[in-house]
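This report describes a few local features of one protein chain. The sequence and structure come first, followed by the details.

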Amino acid sequence: LLESIELNDLKLSGFGQNLGESPAKHISRDGQKVKTANASINIERVGKRLIAFGETPLPIEFEPSTLKTIGIFDYDDNLKKAKIWESAHMKRDPADGALYNFYIDYGRKSAYVIYKIEDNTTSRKLLTRHEVSEPSYMHDFSITENYVILTAYPLVVDPIDLLNPKYSFIGAHRWEPSRLTTVY
């Protein structure tokens, strides 16, 4: 933002903008240099920690009394943490305090992966994995007493397009209304 003000030009990049030739400024969980880390969408308590989430799978832990950044938060489990898209909007079960969320695991066979974090822990437990060939962009999801509900709109991506530097993340997706909407 400060660079944009100084240059009197919009220099923000990320979810909806092509990152172009801008330099990588952050290190991802898998050690790769990435151009954006936007943990600015949601804040959630995971275990005893406060975590900021964004549209990239790079959650940031912070100190609640000072708001000082502690660093990248890693779950205490073996589920995939990098090269995925994870919803920034976890849902807390009011009955037992457990958190629910999902991520999209991109690959030849992509999958919607739904997990649960028991209250006062930082470990995700796999609930289900549903394979799809071209995943839908899903910003959010719902839970009920008995179900986790994913609504897959026909805004889909061929995972190979996510590797093309000419596209932003969302720019690689395409609208295909003939696919209709699928509820999982």
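In this predicted model, Leu180 is exposed, because its relative accessible area of 58% lies over the 50% cut-off. Leu180 sits in the loop that links strand S16 (174-175) to strand S17 (182-183). Its phi is positive, near 65°, and Leu180 is not a glycine. Most residues other than glycine have a negative phi.

Leu67 also has a positive phi, near 65°, in a residue other than glycine. Leu67 lies in the loop between S5 and strand S6 (69-72). With 60% relative accessibility, Leu67 counts as exposed.

The table sets out the two leucines.

| Residue | Loop | Phi | Relative accessibility |
|---|---|---|---|
| Leu67 | between S5 and S6 | near 65° | 60% |
| Leu180 | between S16 and S17 | near 65° | 58% |

Strand S5, at one end of the Leu67 loop, also pairs with S4. Strand S5 covers residues 60-62, and three bridges connect S4 and S5 in the antiparallel sense. Six residues separate the two strands in the hairpin that S4 and S5 form. Within this pairing, Phe62 in S5 is the bridge partner of Leu50.

Leu50 takes part in another pairing as well: in S4, Leu50 is the bridge partner of Arg45. Strand S3 (residues 42-46) and strand S4 (residues 49-53) run antiparallel and are joined by five bridges. The hairpin of S3 and S4 has two residues between the strands, and Gly47 there takes a positive phi near 65°.

How values were computed. Residues are numbered from 1 along each chain as its sequence is written. This is a predicted model: local features need pLDDT of at least 70, side-chain atom pairs count only at pLDDT 80 or more; totals for chains, interfaces and linings use all residues. Side-chain values use heavy atoms; hydrogens and water are left out. Two strands pair if DSSP finds at least two bridges between them. Helices (H or I, at least four residues) and strands (E, at least two) are DSSP runs, numbered from the N terminus. Buried means under 20% relative accessible area, exposed over 50%, partly exposed in between (1.4 Å probe, protein chains only).
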